[in-house]
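Subject: Handing over the structure

Hi there,

Here is the structure I promised to pass on. Have a look at it first, and my notes on what turned up in it follow right after.

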Amino acid sequence: MKKTDIIISPIGKISPWISEAIAKEIREIFKLPTRIMPLLSDVFFAHDSQRNQYHSTKILDALENCAPKECIKLLAVTREDLFIPILTHVYGEAKLGGLPSIISISRLIEYTEIDSREKNRSRIVKEAAHELGHTFDLRHCPDHTCIMHYCRKIEEVDQKSEQFCRYCKILLSDYI
């Protein structure tokens, strides 16, 4: 069986529109089939009680162990706030050139603005594509409009586009 599918894996209570939007956009961006398939019911095993956050690297390890055989890449989506020890929080994490990636919608979704659903969708899709880009061995890009640009603040996520720059497109094409 040839590995071709990118699996979008909601963890916990993720609204269906989020998983569906990610699957649709990822299919268009990466030109690979996508499927929605829950693999983990929760991430409590990665909870750090001192930080009251979830260690994303531990979740990546668990995802790698339960990935289906036909899966070429895996993107999990959670509501839980993620961290790695050297940062206060992360929007997501991925194994560079590996199989799993994860994003958290915790800091990407705004509930205060009327009609914020499109802004929320855009942020989620950008970060999903960004983390999946890392699994295809893409590094952070200095181009502020590229999906692979590293963002520390939500305003930076809003400013970048939903596309790869010319350089990252070439690297992605070479990898695929």
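Strand β1 (residues 5–10) runs parallel to β2, and three bridges link the two. One point of reference on that seam is Ile8, whose bridge partner in β2 is Ile36. Please keep in mind as you browse that this is a predicted model.

Those two strands belong to an open sheet of five, ordered β2-β1-β5-β8-β7, with mixed pairing. The edges are taken by β2 (34–36) and β7; each has a single partner strand, so one side of each is left without a neighbour in the sheet. On average, neighbouring strands here are turned by 15° against each other, direction ignored.

Two helices pack on this sheet. Helix α2 touches β5, β7 and β8, and its direction makes about 135° with that of β8. Helix α3 touches β1, β5, β7 and β8, with an angle of about 160° between its direction and that of β8.

**Around β8**

Strand β8 (residues 100–104) is worth a closer look. On one side, β5 (residues 71–78) pairs with β8 in the parallel sense over five bridges, and Val77 has Ile103 as its bridge partner in β8. Strand β7 (residues 92–94) is joined to β8 by three bridges, this time antiparallel, with Gly92 opposite Ile103. Together β7 and β8 make a hairpin with five residues between them, and Gly97 in the turn has a positive phi of about 75°.

How many of the residues of β8 are buried? Five of the five are, so the strand is largely enclosed by the rest of the structure. Pro100, Ile102 and Ser104 point one way from β8, while Ser101 and Ile103 point the other way, and all are buried.

**The three-stranded sheet**

There is also an open sheet of three strands, in the order β3-β4-β6 and again with mixed pairing. Its edge strands are β3 (47–48) and β6 (82–83), each pairing on one side only. Strand β4 (residues 53–55) pairs with β6 in the parallel sense through two bridges, and Tyr54 has Leu82 as its bridge partner in β6. Helix α2 (residues 56–66) packs on this sheet as well, where it touches β4 and β6; its direction makes about 50° with that of β4.

**α1 against α3**

If you like helix packing, try α1 (residues 16–30) and α3 (residues 117–135). Their axes come within 9 Å and cross at roughly 50°. That angle makes α1 oblique to α3, and the crossing is right-handed.

From α1, the residues taking part are Trp17, Ile18, Ala21, Ile22, Glu25, Ile26, Ile29 and Phe30. They meet Arg117, Asn120, Arg121, Ile124, Val125, Ala128, Ala129, Leu132 and Gly133 in α3. By type, the residues of this contact divide into twelve nonpolar, two polar and three charged.

Asn120, in helix α3, deserves a note of its own. Is it buried or exposed? Asn120 is buried, since its relative accessible area is 4%, under the 20% cut-off. Leaving out residues up to four places away in sequence, Asn120 touches Trp17, Leu108, Ile109 and Glu110.

**Loop residues to look up**

Phe164 sits in the loop between α4 (154–159) and α5 (166–175), and at 7% relative accessibility it counts as buried. Not counting residues up to four places away in sequence, Phe164 touches Ile29, Phe30, Ala129, Leu138, Cys146, Ile147, Met148, Lys169 and Leu172. Among these, Met148 is 16 residues from Phe164 in sequence, with 6.8 Å between their C-alpha atoms.

Finally, a couple of backbone angles. Most residues other than glycine have a negative phi, so two loop positions are worth checking. Asn52, in the loop between β3 and β4, has a positive phi near 55°; Asn52 is exposed, with a relative accessible area of 57%. Asp137, in the loop between α3 and α4, has a positive phi near 70°, and at 34% relative accessibility Asp137 counts as partly exposed.

Happy browsing, and best wishes!

Methods
Residues numbered from 1 in each chain as written. Predicted model: local features only at pLDDT ≥ 70, side-chain atom pairs only at ≥ 80, totals over all residues. Heavy atoms only, no water. Pairing = 2+ DSSP bridges. Helix = DSSP H or I, 4+ residues; strand = E, 2+ residues; numbered from the N terminus. Contact = heavy atoms within 4.5 Å. Axes fitted to C-alpha atoms, helices over the stretch in contact; angles between N-to-C directions. Parallel < 35°, antiparallel > 145°, perpendicular 65-115°, else oblique. Left-handed = near helix turned anticlockwise from the far one by under 90°. Nonpolar A, V, L, I, M, F, W, Y, C, P; charged D, E, K, R; others polar. Buried < 20%, exposed > 50% of the residue type's maximum accessible area, 1.4 Å probe, protein only.
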